[in-house]
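Work through the exercises below with the model open in a viewer. Each task is followed by a solution in steps.

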Amino acid sequence: MLLFYVKNCNLLKLKKLLPFLFILILFSCEKKKKKEAVIKKVEVKKPKPVVKYGFIFDNYKIINDTIKEGESFGLIMGRYNVPFPKINEIATKIKDTFDVRRIRAGKPYTLLMSKDSIQKPQIFIYKNNKVNATIINFKDSAITSYHYKKPIKLIERKVAGKITSNFSNAIDSLGFNAVLANEIADIYAWTVDFYRLQKDDTFKIIFEEKFINDTVSVGYGKIKAAVFNHRGKDLYAYRYVADSIKKEAAYYDNEAGLLRRQFLKSPIKFKYRISSRYNLKRKIKLYGNKVRPHRGTDFAAAYGTPIMTTASGTVIESARRGGNGNYVKIRHNSTYTTQYLHMKRRKVRVGDYVKQGEVIGWVGMTGNTSGPHVCYRFWKNGKQVDPFRQKLPSAKPMKEALKPHYFKFITPIQRELDSIPVSLQKEEILEINETTERKRNDTTKDKPNKNDSLEKTNKAL
Ligand SMILES: [Zn+2]
């Protein structure tokens, strides 16, 4: 009798369980109440042979160890009774592919020895890192050495989090490492100031994680999409290849705008005239031709013309003070800050988050000015510089012709992002290219993946 009760989920590959005679699995992936498993066994299936690095480990006696300080390949081999001439022969024969003197203390290794009473060493596996190993095979007279790379499985993951102190702490508390936090920070460098994230800002990320042996994470792949809810605004980012020649991917927002942007060339949209440039040697008649450096660029425009922020950022000053008159200062990221002087009126307050192109005030004549203009000041690493002489990140906008495809491309991804509950911490692991129906996401933390649950079931049986 074979009885399955599998509800609404494709967790188990039925064929793997067919050899069992009496199995009753009560499985529910949706309702915890029903989460009871009654498993009876009658017959034990022989475990699958353990294959690692291309060898059936069951056929050998296995030694797992780490290279200690001062140990050499010869010393280790000698310890397992490999005669010196043989060690010499191995080292000589493989020297073109692997120099045995290159082995380093602290690196793990595995030695495969014959299972008989002689326990003759046959294969030495030197592990460069979690993914790469060098295999020295001296089982037969033909001694070989080659590079072995563990197959990497890409898993698509979803994560959602809330800022309580800062972004890297939030990522860290979810169990991911700083590399992920840095990559996200890089994508949003021109959109979100990570030093000024607010408590209760939230984020959701869809990205790839690389795994070996199904469980060991060895890094991250592509970040497919993300959304930051920053001060109440949803800031989306989608990875998209718009450059068909270089095939380089970039991140764009919901309007197909590039996230990595240049500053706008001017804080005034249409009609303006640059009346005075950044000039450290400016002489002013009024002051007896004394050098009065001008560290800003003056954009003369009609009284009341809207002034835009030239890049997204956070308002760090909004005040009326002395010669500056009404002014606003905006911090864009850890490198750049801009300031806008002599406004008729300010539109933003300290702490406001403003998007590139957003109106922050209107052209006026407050402070030291002889006519309506905005004095635009630009800081790089705390120093006022000429924005027109800066090598700013280059960014090409997406071609109009590509946009319909882009919007079609991001629609399901946005839906996917929006459907991630903010309460979700880590999602269930989803295999990329998985053909079976995807599991529903829920808020359960660290649920075992499909393979894990299969393995556990097998063990239980
Ligand atoms: Zn000025």
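**Exercise 1. The pairings of one strand**

How many bridges join strand S18 (residues 296-300) to S25, and in which sense do the two run?

Solution. The model is a predicted one, in which local features need pLDDT of at least 70 and side-chain atom pairs count only at pLDDT 80 or more, while totals for chains, interfaces and linings use all residues. Residue numbers start from 1 along each chain as its sequence is written.

Step 1. Strands (E, at least two residues) and helices (H or I, at least four) are DSSP runs, numbered from the N terminus. Two strands pair if DSSP finds at least two bridges between them.

Step 2. S18 and S25 are joined by five bridges and run antiparallel. Threonine 297 is opposite tyrosine 376 in S25.

Step 3. S22 also pairs with S25 in the antiparallel sense, over six bridges. Here tyrosine 340 stands opposite tyrosine 376.

Step 4. Strand S26 (residues 383-384) is joined to S25 by two antiparallel bridges, and tryptophan 379 faces glutamine 384 in S26. These two strands form a hairpin with two residues between them, and asparagine 381 in the turn has a positive phi of about 45°.

Step 5. Of the eight residues of S25 (residues 373-380), six are buried. A residue is buried if 20 or more other C-beta atoms lie within 10 Å of its own, exposed if 12 or fewer, and partly exposed in between, with C-beta atoms placed from the backbone.

**Exercise 2. Partners of threonine 314**

Find the residues that stand opposite threonine 314 in S23 and in S21.

Solution. Step 1. Strand S20 (residues 313-321) pairs with strand S23 (residues 353-354) in the antiparallel sense over two bridges. In S23, tyrosine 353 is opposite threonine 314.

Step 2. S20 and strand S21 (residues 325-331) run antiparallel and are joined by seven bridges. The bridge partner of threonine 314 in S21 is arginine 331.

Step 3. S20 and S21 form a hairpin with three residues between them; glycine 322 in its turn has a positive phi of about 35°.

**Exercise 3. Buried or exposed?**

Assign arginine 346, asparagine 81 and arginine 231 to buried, partly exposed or exposed.

Solution. Step 1. Arginine 346 belongs to strand S22 (residues 336-346). Arginine 346 is buried because 20 other C-beta atoms lie within 10 Å. Beyond its neighbours within four places in sequence, arginine 346 is in contact (C-beta atoms, placed from the backbone, within 7 Å) with Ser318, Asn326, Val328 and Gly361. Its C-alpha atom is separated by 8.1 Å from that of alanine 319, 27 residues apart along the chain.

Step 2. Asparagine 81 lies in the loop between helix H2 (73-79) and helix H3 (84-93). Asparagine 81 has 12 C-beta neighbours inside 10 Å and therefore counts as exposed. Its phi is near 65°, a positive value in a residue other than glycine.

Step 3. Arginine 231 lies in the loop between S12 and S13. With 17 other C-beta atoms within 10 Å, arginine 231 is partly exposed. Its phi is positive, about 50°, although the residue is not a glycine.

**Exercise 4. Nonpolar cores**

Which residues have the most contacts inside the largest nonpolar core?

Solution. Step 1. A nonpolar core is a set of buried Ala, Val, Leu, Ile, Met, Phe, Trp, Tyr and Cys residues joined through C-beta atoms within 7 Å.

Step 2. The largest such core has 34 residues, and Ile187, Ile205, Ala226, Ala237 and Tyr238 have the most contacts inside it. Elements that each supply at least two residues of this core include helix H5 (178-187), strand S12 (216-230), strand S13 (233-241) and H6. Another core, of 21 residues, lies apart from it, and Ala301, Ile307, Tyr340 and Cys375 are among its members.

**Exercise 5. Helix H6**

Where in H6 does the kink lie?

Solution. Step 1. H6 (residues 403-419) has 17 residues and reaches 24 Å from its first C-alpha to its last, close to the expected 24 Å. The expected span is 1.5 Å times one less than the number of residues.

Step 2. The kink, of about 30°, lies at threonine 411, shortly before proline 412. The bend at a residue is the angle between axes fitted to the seven residues ending there and the seven starting there.

Key
Two residues are in contact if their C-beta atoms, placed from the backbone, lie within 7 Å.
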